[in-house]
Amino acid sequence: MSYFYRRPRAAGAAAGRKAEALSDALQALRGPFIVADLETTGLSTATCEILEFAAVRVGAAGALEREYTQVVRTRGPVPSFITRLTGITQAEVDRHGVPVTQAFSSFLDFVEDLPVFFHNASFDRRFLGAAADQTGMPFSNPTHCTLALARRAWPELPSHKLEILARHVGASNPTHRALADVRTTVAVALAAGSLLGVGAG
């Protein structure tokens with residue numbers, strides 16, 4: 001019987017955390033806030049690296065105020081499947097990339113202490129955590145997930161991938177380049193916030 005009584009409490013606690021996370025995210029959308037994205041050389045923080053940073057600062061009225069983007073000079077070669085997916089070539093990395101310490105430092109300067117939104121935030125947080133461990137520069141900003149916002153705003157959609165959401169809200173199609181995807185994510189975040197009743201205005 002004790003197990004029976006624990007389950008509702010656990011479910012209730014999870015629901016409470018989700019409600020709190022939603023409330024915090026909607027409050028953050030009042031602005032100013034950051035929307036960011038990372039491109040990486042793969043999925044595992046143990047074996048893969050950040051390939052590109054991008055971020056946009058969004059003002060209190062929902063206007064895009066400033067942008068940051070930087071390709072990283074990875075220690076290993078850019079995998080061919082990543083080049084096919086993102087369009088980021090080894091030549092671009094060799095020509096324009098900077099060491100991850102420099103790129104991460106510039107990213108942290110850009111985001112300041114503002115809340116940061118990512119689409120599927122848990123993925124980006126893992127890589128930022130790995131970068132923080134590698135460089136000794138902590139990333140401690142409040143983070144929010146536009147994927148979770150989208151699921152709440154449009155539960156009827158069969159998928160909440162960014163390209164599906166882009167078509168749904170009439171935003172530019174994401175390209176797997178970090179800055180293009182950030183711009184699309186901004187549109188999704190603002191549309192979801194407006195639908196859920198708080199918005200950025």
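1. Let me start with helix 4 and helix 5, whose crossing is left-handed. In this predicted model, helix 4 (residues 100–111) packs against helix 5 (residues 121–135) at about 115 degrees, and the axes are 10 Å apart. Helix 4 brings Val 100, Thr 101, Phe 104 and Phe 107 to the contact, while helix 5 brings Leu 128, Ala 131, Ala 132, Gln 134 and Thr 135. Sorted by class, that contact has six nonpolar residues, three polar ones and no charged ones.

2. Now the rings. Searching the whole structure turns up six aromatic pairs. One of them is Phe 33 with Phe 117, an edge-to-face pair with 5.3 Å between centres and 65 degrees between planes. Phe 33 sits in strand 1 (residues 33–40) and Phe 117 in strand 4 (residues 116–118), so to speak a link between distant parts of the chain, 84 residues apart. Buried or exposed, these two? Both Phe 33 and Phe 117 are buried.

3. Phe 53 and Phe 107 also pair up, this time tilted, at 5.3 Å centre to centre and 40 degrees between the planes. Again distant parts of the chain are linked: Phe 53 belongs to strand 2 (residues 50–58) and Phe 107 to helix 4, with their positions 54 residues apart. Phe 53 and Phe 107 are both buried. Have a look at the wider group too, as ring pairs join Phe 53, Phe 104, Phe 107 and Phe 139 into a cluster. Two members of that cluster, Phe 104 and Phe 107, are also on the helix 4 side of the contact with helix 5.

4. Next, Gln 70, which you'll find in strand 3 (residues 64–71). A polar atom of the Gln 70 side chain lies 3.1 Å from the backbone oxygen of His 96. Leaving aside residues up to four places away in sequence, Gln 70 touches Leu 51, Glu 52, Phe 53, His 96, Gly 97, Val 98 and Ala 103. Phe 53 of the tilted pair is thus among the contacts of Gln 70.

5. Last, Arg 177, in the loop between helix 7 (162–169) and helix 8 (178–195). Why call Arg 177 partly exposed? Because its relative accessibility is 22%, and the buried class stops under 20%. The Arg 177 side chain makes a polar contact of 2.9 Å with the side chain of Glu 92. Beyond four places in sequence, Arg 177 touches Glu 39, Glu 52, Val 71, Thr 86, Gly 87, Ile 88 and Glu 92. As for Leu 190, 13 residues away along the chain, its C-alpha is separated from that of Arg 177 by 20 Å.

Methods. Residues numbered from 1 in each chain as written. Predicted model: local features only at pLDDT ≥ 70, side-chain atom pairs only at ≥ 80, totals over all residues. Heavy atoms only, no water. Helix = DSSP H or I, 4+ residues; strand = E, 2+ residues; numbered from the N terminus. Polar contact = N/O pair within 3.5 Å; in protein donor to acceptor, adjacent residues only side chain to side chain. Contact = heavy atoms within 4.5 Å. Axes fitted to C-alpha atoms, helices over the stretch in contact; angles between N-to-C directions. Left-handed = near helix turned anticlockwise from the far one by under 90°. Nonpolar A, V, L, I, M, F, W, Y, C, P; charged D, E, K, R; others polar. Phe/Tyr/Trp six-rings, centres within 6.5 Å; stacked < 30°, edge-to-face > 60°. Buried < 20%, exposed > 50% of the residue type's maximum accessible area, 1.4 Å probe, protein only.
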